[in-house]
Amino acid sequence: MTEANKQTKKELLIQFIKFGIVGVTNTLVSYVINVVTLFLLGKAHLFQRWDYMIANCVAFILSVLWSFYWNNKLVFNMEGTSWKDMLKALLKMYLSYAFTGIILSNVLSYLWIDVLHISKFIAPLINSVIGVPINFVLNKFWAFQGK
């Protein structure tokens, strides 16, 4: 293994660790939003059958903004990028997270909650463990285009 190859692997590992740190904060933000949404819908007696899917969607929309901001600042750094390219990256991030944050999360939540009877407060945490590595790959090589 060449010295340049070792450096590249080290940089990639550091980038993945930073992504993981942003991911942990994103998971906390998403979880808090999810729980608050469940609480508010429960208090209002709205959508009780599908409240966890609505909570997943609200948490998704807001937490992706959080994640985009911090991934841009700390992980992939698009400083000096035009607004057009920044919006394009945000759209790509929403699309990549749509797979894990909406589709995969809701399918898995249905499995955990309705089939396996796991608490709707635990299900989002399990989903995060599955989604983080998938999100890193999608963001690294598509949304932020290898930065």
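His 117 is exposed in this predicted model, with a relative accessible area of 65%. That puts His 117 out in the open because the value clears the cut-off of over 50% used for exposed residues. Its place in the chain is the loop between H3 and H4. The backbone is worth a look here too: phi of His 117 is near 60 degrees, a positive value, and the residue is not a glycine. As a rule, most residues other than glycine have a negative phi.

Turning from the loop to the interior, the structure holds one cavity of 30 Å³ or more. The volume of the largest cavity comes to about 420 Å³. A total of 26 residues line this cavity, and those closest to its centre are Asn 26, Ser 30, Gly 101, Ser 128 and Asn 135. Four helices each give two or more residues to the lining: H1 (3-43), H2 (51-76), H3 (83-115) and H4 (123-143). Of these, H1 gives the most, with eight residues. What sort of residues make up the lining of the largest cavity, by class? Polar ones number 16 and nonpolar ones ten, while charged residues are missing from the lining altogether.

Asn 26, one of the residues closest to the cavity centre, sits in helix H1. With a relative accessible area of 12%, Asn 26 counts as buried, because the cut-off for that label is under 20%. Leaving aside residues up to four places away in sequence, Asn 26 touches Ser 63, Val 64, Trp 66 and Ser 67. Asn 26 and Phe 60 are 34 residues apart in sequence, yet their C-alpha atoms are 9.9 Å apart in space.

Helix H1 also holds Asn 34. Is Asn 34 buried or exposed? Asn 34 is buried, its relative accessible area being just 4%. Its side chain makes a polar contact with the side chain of Asn 56, at 3.0 Å. Asn 56 also turns up among the residues that Asn 34 touches, along with Ala 55, Ala 59 and Pro 124, once residues up to four places away in sequence are set aside.

The aromatic side chains come next, and the structure holds four aromatic pairs. In one of them, the rings of Phe 60 and Tyr 94 have their centres 5.8 Å apart and their planes at 75 degrees, so this pair is edge-to-face. Since Phe 60 belongs to helix H2 and Tyr 94 to helix H3, the pair ties together parts that are 34 residues apart in sequence. Phe 60 and Tyr 94 are both buried.

Another edge-to-face pair is formed by Tyr 69 and Trp 70, with 4.9 Å from centre to centre and 90 degrees between the planes. How buried or exposed are these two? Tyr 69 is partly exposed, with a relative accessible area of 43%. Trp 70 likewise counts as partly exposed, at 30% relative accessibility. Both carry that label because their values fall between the 20% and 50% cut-offs. Tyr 69 and Trp 70 join Trp 66 in one aromatic cluster. Trp 66 also links back to the cavity story, being among the residues touched by Asn 26.

Key: Residues are numbered from 1 along each chain as its sequence is written. This is a predicted model: local features need pLDDT of at least 70, side-chain atom pairs count only at pLDDT 80 or more; totals for chains, interfaces and linings use all residues. Side-chain values use heavy atoms; hydrogens and water are left out. On a 1 Å grid over the protein atoms alone, a cavity is a set of points where a 1.4 Å probe fits but cannot get out, and a pocket is an open set with protein on both sides within 12 Å along at least five of seven lines; lining residues have an atom within 4 Å of a point. Grid points are joined across faces, edges and corners, and a volume is the space filled by probe spheres set on the points. Ala, Val, Leu, Ile, Met, Phe, Trp, Tyr, Cys and Pro count as nonpolar, Asp, Glu, Lys and Arg as charged, and the others, Gly among them, as polar. Buried means under 20% relative accessible area, exposed over 50%, partly exposed in between (1.4 Å probe, protein chains only). A polar contact is a pair of N or O atoms within 3.5 Å; within protein, one must be able to donate a hydrogen and the other to accept it, and residues adjacent in sequence count only if both atoms are side-chain atoms. Contact means heavy atoms within 4.5 Å. Rings of Phe, Tyr and Trp (its six-membered ring) pair if their centres lie within 6.5 Å; planes under 30 degrees apart count as stacked, over 60 as edge-to-face and the rest as tilted.
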